[in-house]
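Dear colleague,

I am handing over the structure below, together with an account of what was found in it. Please read the notes with the model open beside them.

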Amino acid sequence: MTRRDEVLTALRAAGTPLSVLDVAERLSIHPNTARFHLEALLERGRVEMIKPSRTKPGRPPLMFRATTGMDPDGPRDYRVLAGVLADALARQRDPQRRAVAAGRAWAKKEADGAEQPIDRDQAFERLTNLLDAMGFAPQERSRNDDLDEIGLHNCPFLELADTRRDIICPVHLGLMQGALTAWDAPITVDALTPFAEPGLCIAHMAPRRRVQ
């Protein structure tokens with residue numbers, strides 16, 4: 001248990017607000033040390049400051065108490081949640097189509113729409129930046145008039161992709177397609193080849209067919 005955890009535990013055990021000196025005495029630490037950890041906990045929303053009551057002459061001490069609710073700094077394991085959702089999606093009818101659709105829907109909602117029409121190069125740049133921010137380590141591989149490729153050198157969901165490639169990879173395809181649609185880009189990703197080479201997936205680009 002860290003010193004900061006000890007300060008928080010002392011506040012919770014007290015059942016009543018404590019001053020800096022109260023915390024310092026309970027933990028046998030210097031008041032400045034207690035104040036430092038209390039201020040850090042206050043900034044993180046783990047404790048709150050209580051307006052002191054004036055029962056004695058002079059300036060009353062600042063009082064602190066632990067906030068209620070779950071620990072925002074507690075352990076997280078979103079991989080378990082992702083695995084549960086991937087397994088549930090895999091049991092649906094036509095799971096790959098549904099996975100692509102789910103990725104598209106999320107990207108359309110989350111991607112910032114372009115303020116004005118963007119061209120091919122701008123679309124590539126925006127998509128590459130998005131993939132980089134998501135941890136795919138993208139790299140443009142080739143360019144000509146009809147076909148471009150983006151190499152993905154990292155998979156943020158590698159462990160799941162090993163066991164649920166049928167779901168995870170279509171979700172990634174849908175994410176790219178949805179983002180490009182949200183930007184009204186003239187190109188799209190028409191296919192994603194998982195692990196085309198060791199340590200590399202390839203997103204295949206193509207002109208976007210616009211619905212008349």
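**Two buried alanines**

Once its neighbours within four places in sequence are set aside, Ala-24 is in contact with Ile-29, His-30, Pro-31 and Ala-34. Please keep in mind throughout that this is a predicted model. Ala-24 lies in helix H2, and with a relative accessible area of 5% it falls under the 20% limit and is therefore buried. Of the contacts just named, Ala-34 is 10 residues from Ala-24 in sequence, while the two C-alpha atoms are 5.5 Å apart in space.

The other alanine to look at is Ala-179, which has its place in helix H8 and is buried, with a relative accessible area of 0%. Leaving aside its neighbours within four places in sequence, the residues in contact with Ala-179 are Ala-107, Ala-111 and Leu-130. Ala-10, by contrast, is 169 residues from Ala-179 in sequence and 49 Å from it in space, C-alpha to C-alpha.

**Helices H1 and H6**

Helix H1 runs over residues 3-14, and at 1.5 Å a residue its 12 residues should span 16 Å, which agrees with the 17 Å found between its end C-alpha atoms. Which residues of H1 are buried? They are Val-7, Leu-8, Ala-10 and Leu-11, and because they cover an arc of only 155 degrees around the axis, they sit on the same side of H1. An α-helix has 3.6 residues a turn, so residues three or four places apart point the same way. The buried residues of H1 pack against three strands and helices along the chain, namely strand S1 (18-19), helix H2 (20-27), helix H3 (31-43), strand S2 (47-50) and strand S3 (63-66). Just after H1 comes Gly-15, which takes a positive phi of about 75 degrees.

Helix H6, residues 120-133, can be read in the same manner: its 14 residues reach 20 Å from the first C-alpha to the last, close to the 20 Å expected at 1.5 Å a residue. The buried residues of H6 are Ala-123, Phe-124, Leu-127 and Leu-131, and since they cover an arc of only 100 degrees around the axis, they are placed on the same side of H6. On the face of H6 turned away from that buried side are the exposed residues Glu-125 and Ala-133.

**Pockets**

The largest pocket has a volume of about 500 Å³, and 17 residues line it, with Ala-82, Leu-85, Phe-157, Ile-168 and Val-171 lying nearest its centre. Helix H4 (78-90), helix H5 (95-110) and helix H8 (165-182) are the elements that give two or more residues to this lining, and the largest share, six residues, comes from H4. What is the make-up of the lining of the largest pocket by class? There are 15 nonpolar residues, two polar residues and no charged ones.

The second largest pocket has a volume of about 170 Å³, and the residues that line it are Ser-19, Val-20, Leu-21, Pro-31, Arg-35, Glu-39, Leu-42, Met-49, Pro-61, Leu-62 and Phe-64. The elements giving two or more residues to this lining are H2 and H3, and H3 provides the largest share, four residues. By class, the lining of the second largest pocket has eight nonpolar residues, one polar residue and two charged residues.

**An enclosed cavity**

Rolling a probe the size of a water molecule over the atoms shows where empty space is left. The count comes to one cavity of 30 Å³ or more, and about 70 Å³ of space lies in the largest cavity. Its lining is formed by Phe-136, Leu-152, Asn-154, Cys-155, Ala-161, Cys-169, His-172, Leu-192, Phe-195 and Cys-201, with H8 and strand S6 (187-197) each supplying at least two of these residues. The residues lining the largest cavity divide into eight nonpolar, two polar and no charged.

With kind regards

Notes:
Residues are numbered from 1 along each chain as its sequence is written. This is a predicted model: local features need pLDDT of at least 70, side-chain atom pairs count only at pLDDT 80 or more; totals for chains, interfaces and linings use all residues. Side-chain values use heavy atoms; hydrogens and water are left out. The expected span of a helix is 1.5 Å times one less than its number of residues. Buried means under 20% relative accessible area, exposed over 50%, partly exposed in between (1.4 Å probe, protein chains only). The arc is that of the directions from the helix axis to the C-beta atoms. Contact means heavy atoms within 4.5 Å. On a 1 Å grid over the protein atoms alone, a cavity is a set of points where a 1.4 Å probe fits but cannot get out, and a pocket is an open set with protein on both sides within 12 Å along at least five of seven lines; lining residues have an atom within 4 Å of a point. Grid points are joined across faces, edges and corners, and a volume is the space filled by probe spheres set on the points. Ala, Val, Leu, Ile, Met, Phe, Trp, Tyr, Cys and Pro count as nonpolar, Asp, Glu, Lys and Arg as charged, and the others, Gly among them, as polar.
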